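Visitor: I have a model open beside its sequence, and I would like to learn how to read it. Could you take me through it feature by feature?

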Amino acid sequence: MLRSLVGSEMCIRDRLVVFVMNVVWMLRSSAQGETLKIPMEPSVYPGGLDEVMSLYYMISLANAVNIVLTFLKLLKYVRLNKHLSVLTRTLAASQQSIVGILVLFGFVILGFGVTGWALFGVN
């Protein structure tokens, strides 16, 4: 499973997608920047800024995925050293247990989040 996640084709494709998203975001934000008049009226919100904001959030999410994939790719090269490969062998042997513990951990964190939201509200 770990090998399929860090395939070089997927990493290259992921980096290419993030690059294209960055270029689209830069083009759209520069186009919106030219149409804005400063100072702006407080009652008027430019509609094109919503698209720029959603593109920015998508880029942030794609960069987060890219960081995780890059870290997993680095684990592949740790196997070259005999002493450091203990980590990757241990992770490979305990892969099923780790998934179960992470799901359980997610449920506990979700429970704390819902409890905090119910006690303190949105603000």
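Guide: Gladly. Let us start with one residue: Val-99 lies in helix 5. Helices (H or I, at least four residues) and strands (E, at least two) are DSSP runs, numbered from the N terminus. Residues are numbered from 1 along each chain as its sequence is written. This is a predicted model, in which local features need pLDDT of at least 70, side-chain atom pairs count only at pLDDT 80 or more, and totals for chains, interfaces and linings use all residues, while side-chain values use heavy atoms, with hydrogens and water left out.

Visitor: Is Val-99 buried or exposed, or something in between?

Guide: Here is the general scale: buried means under 20% relative accessible area, exposed over 50%, and partly exposed in between (1.4 Å probe, protein chains only). Val-99 has a relative accessible area of 41%, so this residue is partly exposed.

Visitor: Which residues form a nonpolar patch with Val-99?

Guide: Patches are made of residues with over 30% relative accessible area and no salt bridge; like charges are joined within 9 Å, and nonpolar side chains (Val, Leu, Ile, Met, Phe, Trp, Tyr) within 5 Å. A salt bridge is a side-chain nitrogen of Lys or Arg within 4 Å of a carboxyl oxygen of Asp or Glu. In this structure the surface patch consists of Val-99, Val-103, Phe-107, Leu-110, Val-114, Trp-117 and Val-122, and together they have about 760 Å² of accessible area. Such areas come from the Shrake-Rupley method with a 1.4 Å probe; for residues, only the protein chains shown count as cover. The chain exposes about 10000 Å², with carbon and sulfur atoms supplying 72% of it.

Visitor: How many helices and strands are in the chain?

Guide: Five helices and zero strands, so to speak an α-α-α-α-α run from the N terminus on.

Visitor: Which element has the lowest mean pLDDT, and which the highest?

Guide: pLDDT is the predictor's confidence in each residue, from 0 to 100. Helix 1 (residues 2–5) has the lowest mean, 49, and helix 5 (residues 95–120) the highest, 93. The chain averages 79, and 78% of the residues score at least 70. Where pLDDT is low, the predicted coordinates should not be read in detail.

Visitor: What is Asn-66 in contact with, leaving aside its neighbours within four places in sequence?

Guide: Contact means heavy atoms within 4.5 Å. With those neighbours left aside, Asn-66 touches Asp-14, Arg-15 and Val-18. Asn-66 is found in helix 3 (residues 48–78), and its relative accessibility of 13% is why it counts as buried. Asn-66 and Arg-15 are 51 residues apart in sequence, yet their C-alpha atoms are 7.0 Å apart in space. Asn-63 also lies in helix 3, and its C-alpha is separated by 8.5 Å from that of Arg-15, 48 residues away along the chain. Asn-63 is partly exposed, with a relative accessible area of 30%.

Visitor: What share of the chain's contacts joins residues 24 or more positions apart?

Guide: Among contacts with a separation of 6 or more, the share is 63%. Buried residues, for their part, make up 15% of the 123 residues in the chain.

Visitor: Where does Ser-85 lie, and what does it contact?

Guide: Ser-85 lies in helix 4 (residues 85–93) and is buried, at 10% relative accessible area. Apart from neighbours within four places in sequence, Ser-85 is in contact with Val-78 and Arg-79. Arg-79 is found in the loop between helix 3 and helix 4 and is partly exposed at 39%.

Visitor: How many aromatic pairs does a search of the whole structure find?

Guide: Rings of Phe, Tyr and Trp (its six-membered ring) pair if their centres lie within 6.5 Å; planes under 30 degrees apart count as stacked, over 60 as edge-to-face and the rest as tilted. The search finds one pair. The rings of Tyr-56 and Tyr-57 have centres 6.2 Å apart and planes at 55 degrees, so the pair is tilted. Tyr-56 is partly exposed at 44% relative accessibility, and Tyr-57 is exposed at 51%.
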